[in-house]
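Biologist: Got a minute to go through this model with me? I'd like to start with one odd spot and then wander.

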Amino acid sequence: MEAENLKTNQNDKSSLESFKQAFKRHMQQTIAHDLDNSTRLDKYQSLAYAVRDKVITKWIATQDSYYRQNPKRVYYFSLEFLMGRALGNAIMNLDIDGVVREALEDLGYSHENLEEIEWDAGLGNGGLGRLAACFLDSMATLELPAYGFGIRYEYGMFKQTMVDNQQKENPDNWLRYGYPWEFIRAEDIEIVQFYGRVHSYFDGKGILKNRWLDTENVVALAYDVPIPGYRTNTVNSLKLWAAASSREFDLESFNVGDYIGAIVDKHQSEILSKVLYPNDTSYQGKELRLKQQYFMVSASLRNILMRLERCGDPFDNLPDKVVIQLNDTHPAIAIPELMRILVDLNNYTWEDAWSITTRTFAYTNHTVLPEALEKWPVSLMEKVLPRHMQIIYEINQRFLDEVNVAFPGDLNRRQRMSFIEEGETKFVRMSFLAIVGSFSVNGVAELHSRLLKNGIFKDFYEMQAGKFNNKTNGVTPRRWLKKANPGLSNLITESIGTNWIKDLSELKKLESFSNDSAFVDAWKQVKINNKRRLCRVIKQLCGIETDPDTLFDVQVKRIHEYKRQLLNLLHVITFYNRIKDGQAENEVPRTVIFAGKAAPGYQRAKEIIHLINLVAGLINRDPTIEGRLKVVFLPNYGVSLAEKIFPGADLSEQISTAGMEASGTGNMKFSLNGALTIGTLDGANIEIMEEVGKDNIFIFGKTEEQISQMRLQGYDPKLYYDQDRELQRVLNQIRDGVFSSSDPNLFCNLFNSLVHQGDHYYNLADYRSYVDCQKAVSDLYKDQEKWHKRAVLNVARMGKFSSDRVIRQYANEIWNVDPCPVLNSFEHK
C-alpha cells in the first residue's frame, strides 16, 4: 500500500512539474513573452494553451477512432451554441483541477483570477443555445460520435449596458483578443451560393433537370472547437463556419478604378457571419438571417457528405451512417438543400432522394407560440434561394396530395397543412417543412409535446402520429453544479461520493441527509457563502450594497412578455407599498434580482427593463424601507454571470404564462443549486413538481386549460383591475408616473396594454394568486430549518433533469447511435 501511495505521489509531482513547464514554454514560444514582463492576458493564454495541449491529444485520438470504426454519427445543427468559458470547463472535464491550481500557486498566480479574463464565446443568446452546449457536453461524456455545426459569429448577441436606466446594445467583440480554443481549417472550405436563376431543361433521356446559375458565391471557412467529455478519452468537435469573399476583390471593379467598390463587395460577403441575430424587423435583416441559415446548413451538409465518402460509404447509406438533429426550425432549409444536392448534383430520382432525406433528419421544436414559428416571405426565398423555393413547392405539392388521400375532400385541412401561408404576402412555414422532412419530431417537455400534438401541429399529428415524441430537456451537472457551485458540489461528494457527476440519479441518496442537522448546517453555510459572493458581484456591476441574510428572489432569463418579468415587478411594487403602509411586518426582507437581455427590436421588452430600473432606483433610494427591500438589475446576463447567480439564489422565479414556455432550463439549474421554485404549471415546471413533490415547490396561477378556456370565452383584464384595490393601486402608480417623475406619461401605453388592450399574457388574471403565493414563500423562509430541508430535497430529486439522461434518450429512441469509446488517447506519459 505504501509503495502504491509513493508511486501516486511521484506521478502527481511529475504531472505538476510537466504542467508548469508547459505553461512556461507557451509563455515563451507561443505568446513570445518572458514570465516576469507578461500581462494577465498573456498568463491566461499560456494557461489555455497548456490545458489545450492535453485536449488535443485526446481530440486527435477521437477523430482517428471514428474514422477507423466508422460508426453512425450524430450531427447537431444549431444556429446558436451558448458555450460560456472554455478554460474552466476543460480543466474540470480533464480532471486536472488540482494539478492546475497547485502549479499556478507555485508560480504565484490564481486559477480563478486568470479564468476571469476569458470572454464568453458569443455564439448564442438564450436557452436554445445553452441547451445545445449542454448537449455537446453530454454527447462527449457519453462517448457518442457526435459533431456540432454552427456559425462563428464575429460579434455575439450584444453587450448590454444601462444608460439612463435603459438597455443599450454594444458590440460583443468576443474575439478581440483571439480565442485559443479554435483551430482554423484553411483547407476545409465550402462554396455557398445565393441569388441567381434556375435553368430547367430535359436531358437526352427526357428527364427534367435543373441548374442553378449566375449565383453570388461566398466561401465558408471552417473553425473547429474541441469539446472534451468528462473523464473520458472522447473529445468531439464543434465546427463553426465563417464567411469570406469568394475572391479577394471583384477584379473588374478594381481594374476600372473602383477600389472602394471592390472592397465593399468583399465586405458584403463577409458580413454573413459578423453578428448573431441581426435585427430582422427590416427586410434587410430578414434577408441576412435567411442567408445565415442557408450558409450554415449548405457548408455543413457538404462537409458531412465529404466525410461519408472519405469513409467509403455511398450516399445511399446516408441514413445508416448519419443522423442530423435540427435544433428548432432555423436549420430547416437543410431539407431542400439535401434534396438539391441529391437530385440536381448527383442525379438521384426525386423518390429516392426523398427517402434518403426523410430518414436522415430529426426535428426538435422549441415553441408553442404560433407567432414564434419561423416563416419567410415567398418573395424573399425566391430571390435568395430560387432553386430551393422550387423544391419546397414540389415537396409541398406531393405532401398535399398525400393529405388528400388521407382526408379526401377536406379542403380546409389541406389549406391549414400547406407549407405556403396564403395572404397579401405569402410565407413559407418552415416548421411544416421540418415536420414533413423529418422522421422524428420532438417537444422538450411533457406539456409542450402535448400542446404540439393537440394544438399547433394537431393536423400533422393526426396524419403522422408515429413521428411525434417527447424529450424533456436537461442540463449538464458538470458546469451547472460541479463547476458553478464548488461548495455544494464538495459537500455532496463528501456525503455520497462522486458518481453523481456522471449519473445524476445518484443525488437521490441525499434525501436521507435532509434530517441530518450537521449536514443541513453545512448546507446553510454553503448557501450563505454563495450569497456573499453574489453580493460582491452585485456591488461590482451595479454599485448596490445587498444583504446576504435577506431572501434572494431571482428571475434571470431573456426579457419577454410571456416570461412575465412584469408580473414579478407588480409584486415588488405591492411589497413596497405594504412596507410603506406598515402592513409587511410579518414578511421577510428581500433582495429581488433581475437579469436578461431584450432583443434590440423588441420595444415592449426594453420598456419593461426601463421600468424595472426606475422602480429599483426609487426603492433603493428610499431610506424609510432600509433593509426591507432591494431591487437589482444585473447587466449583460450570460453563462459566466449565471454561474455566479444560480448558486446564490433562494427563490427561483419561473412564472411564464401557462402553456407558453416550451420547457425552460433555468428552472432546472436553480433547483439543482438548492433554490426553491415559485412558478406556474408551465413547461418543465410540471415535471419538476412531480419529481420534488408538491410540498417542495410554490405553484400558483391559471393552468394552460384555464387560460385556453378564458381565451375562448373572452378575457377582460379590467375586471381584475376594478375588483382588486392593491392591483389597481400598483397599476395606477405605473400609469401616473410615480416611478418616472421626469416623464409622467412614460408608461401609459404599458398600462393600457394591461388594462384596456387585452393583457395578452394574463398578468392581471394571475396577480392575486401570485401575490398570495409570495406570502407563503415568506412564511416558509422564516423557518430556516424547514426551508433548507426542502432545498435539500429539491436537489436530491433533480436526477431526471440531467442532459445525460435526455441525450441517452435521443441516442436510443431517435438517433439509433451507440457509444464509440476511444480506447487509446496516445497520452504521453
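**Loops, folds and cysteines**

Modeller: Sure. Let's start at Asp328, which sits in the loop between β10 (322–327) and α11 (334–345). Keep in mind that the model is predicted.

Biologist: What is phi of Asp328 near?

Modeller: Near 75 degrees, so to speak on the positive side, and this in a residue other than glycine.

Biologist: And is Asp328 buried or exposed?

Modeller: Buried: Asp328 has a relative accessibility of 10%, and the cut-off for buried is under 20%.

Biologist: Which other residue, glycine aside, has a positive phi, say near 60 degrees?

Modeller: Glu143 has phi near 60 degrees, and it isn't a glycine either. Glu143 is also in a loop, the one between α6 (127–141) and β2 (146–151). With a relative accessible area of 22%, Glu143 counts as partly exposed.

Biologist: OK, zooming out. How many helices and strands does the protein chain have?

Modeller: The count is 33 helices and 22 strands.

Biologist: What radius of gyration does the protein chain have, against what a compact globule would have?

Modeller: It comes to 28 Å, and a compact globule of 829 residues would be near 28 Å, so the two agree. If you want box dimensions, the C-alpha atoms fill roughly 90 × 80 × 60 Å along the principal axes.

Biologist: How much of the chain is buried?

Modeller: 61% of the 829 residues are buried. On the surface side, the chain exposes about 32700 Å², with 47% of that supplied by carbon and sulfur atoms.

Biologist: What share of the contacts comes from residues 24 or more positions apart?

Modeller: 77%, taken over contacts with a separation of 6 or more.

Biologist: And the charges, how far apart are the mean positions of the positive and negative ones?

Modeller: 1 Å apart, for 100 positive and 108 negative charges.

Biologist: Switching to cysteines. How many disulfides does a search of the whole structure find?

Modeller: Zero. Take Cys311, which is in no disulfide: its nearest cysteine sulfur belongs to Cys820 and is 11 Å away. A pair would have to be within 2.5 Å to count, so that one doesn't qualify.

Biologist: Is Cys311 buried or exposed?

Modeller: Cys311 counts as buried, at 18% relative accessibility. Cys773 is buried too, with a relative accessible area of 9%.

Biologist: Now helices. Which residues of α17 are buried?

Modeller: α17 runs over residues 446–454, and Leu447, His448, Ser449, Leu451 and Leu452 are buried there.

Biologist: What covers them?

Modeller: The cover includes two strands, β15 (440–443) and β16 (468–470), along with the helices α18 (458–463), α26 (685–692) and α27 (704–713).

Biologist: You mentioned α26. Where is Met689?

Modeller: Met689 is in that helix, α26. Met689 is buried, with a relative accessible area of 14%. Beyond four places in sequence, Met689 touches Leu681, Lys694, Ile697 and Ile699. For a long-range distance, the C-alpha atoms of Met689 and Leu107 are separated by 49 Å, with their positions 582 residues apart along the chain.

Biologist: Where does His788 lie, and what is it in contact with?

Modeller: His788 lies in helix α32, residues 784–796. Setting aside neighbours within four places in sequence, His788 is in contact with Val520, Trp523, Lys524 and Lys527. At 4% relative accessibility, His788 counts as buried. The C-alpha atoms of His788 and Pro486 are 18 Å apart, and the two are 302 residues apart along the chain.

Biologist: And a strand residue, say Arg429: buried or exposed?

Modeller: Arg429 counts as buried, at 16% relative accessibility. Its strand is β14, residues 427–429. Not counting residues up to four places away, Arg429 touches a list of residues, among them Glu374, Glu421, Lys375 and Phe419.

Biologist: Last one: where is Asp64, and how far is its C-alpha from that of Val755?

Modeller: Asp64 is in helix α2, residues 40–69, and the two C-alpha atoms are separated by 63 Å. Along the chain, Asp64 and Val755 are 691 residues apart. Asp64 is partly exposed, with a relative accessible area of 32%.

Definitions and conventions. Residues are numbered from 1 along each chain as its sequence is written. This is a predicted model: local features need pLDDT of at least 70, side-chain atom pairs count only at pLDDT 80 or more; totals for chains, interfaces and linings use all residues. Side-chain values use heavy atoms; hydrogens and water are left out. Helices (H or I, at least four residues) and strands (E, at least two) are DSSP runs, numbered from the N terminus. The radius of gyration is taken over C-alpha atoms; the globule rule is 2.2 Å times the number of residues to the power 0.38. Buried means under 20% relative accessible area, exposed over 50%, partly exposed in between (1.4 Å probe, protein chains only). Contact means heavy atoms within 4.5 Å. Accessible areas come from the Shrake-Rupley method with a 1.4 Å probe; for residues, only the protein chains shown count as cover. Lys and Arg count as positive and Asp and Glu as negative; His and the chain ends are not counted. The place of a charge is taken as NZ of Lys, CZ of Arg, CG of Asp or CD of Glu.
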